[in-house]
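The following exercises concern the pairing of strands and the surroundings of one charged residue. Please examine the structure before turning to the solutions.

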Amino acid sequence: MSLITLGIADLARSQAFYQALGWRALPQSNTSVVFFQCGSIVFALFGREALAEDANLAPYGEGFSGIALAHNVREKDEVDAVLTDAEAAGGKILKRGQEAVWGGFTGYFSDPDGHVWEVAWNPKGMIGPDGAFHFASE
């Protein structure tokens, strides 16, 4: 995977939300698309209707989209801190941080467009200096 693009309703609002979480827009961003470097992946914000048109899809549907993005953290207590930051930036908490059945600690928020994000600490994973998540060798 090299790039993830979210279709959003209001580019300025969504850019402000992600920047409030500490992300920095890349210089290649413009009035139609905003890019953020996230480890080895570029994360983009693009108008929902334009993105749907590009894929030959209807721009709106109902219910869960069937996808959740994830932000893994290095320490367990960072889960609640990231959820707090997301809420302060205008996100909606879907699930407060709690112990996960798989042994980690996780919570969920949605961004202003309703895109679902999991925030997770995984004791079986590690995050490198570049922010890339890897499962620890057993």
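**Exercise 1: Strand β6 and its neighbours**

In this predicted model, the bridge partner of K92 in β6 is S110.

Task. Determine which strands pair with β6, and in which sense.

Solution.
1. K92 belongs to strand β5, residues 92-99, which pairs with β6 in the antiparallel sense over five bridges.
2. Five residues separate β5 from β6 in a hairpin, and G103 in the turn has a positive phi of about 105°.
3. Strand β7, residues 116-121, also runs antiparallel to β6, joined to it by six bridges. Here F109 stands opposite W117.
4. β6 and β7 likewise form a hairpin with five residues between them; in this turn, G114 has a positive phi of about 90°.

**Exercise 2: Enclosure of β6**

Task. Explain why β6 is described as largely enclosed by the rest of the structure.

Solution.
1. A residue counts as buried under 20% relative accessible area.
2. Five of the six residues of β6, residues 105-110, are buried, and therefore the strand is largely enclosed.

**Exercise 3: The environment of E118**

Task. Establish which side chain of opposite charge is nearest to E118, and which side chain makes a polar contact with E118.

Solution.
1. E118 lies in strand β7 and is buried.
2. The nearest side chain of opposite charge is that of K95, 6.9 Å away. A salt bridge requires the charged atoms to be within 4 Å, and E118 has none.
3. The side chain of E118 is instead joined to that of T106 by a polar contact of 2.8 Å.
4. Leaving aside residues up to four places away in sequence, E118 touches several others, including L69, H71, W102 and Y108.

Methods
Residues numbered from 1 in each chain as written. Predicted model: local features only at pLDDT ≥ 70, side-chain atom pairs only at ≥ 80, totals over all residues. Heavy atoms only, no water. Buried < 20%, exposed > 50% of the residue type's maximum accessible area, 1.4 Å probe, protein only. Helix = DSSP H or I, 4+ residues; strand = E, 2+ residues; numbered from the N terminus. Pairing = 2+ DSSP bridges. Lys, Arg positive; Asp, Glu negative; His and termini not counted. Polar contact = N/O pair within 3.5 Å; in protein donor to acceptor, adjacent residues only side chain to side chain. Contact = heavy atoms within 4.5 Å.
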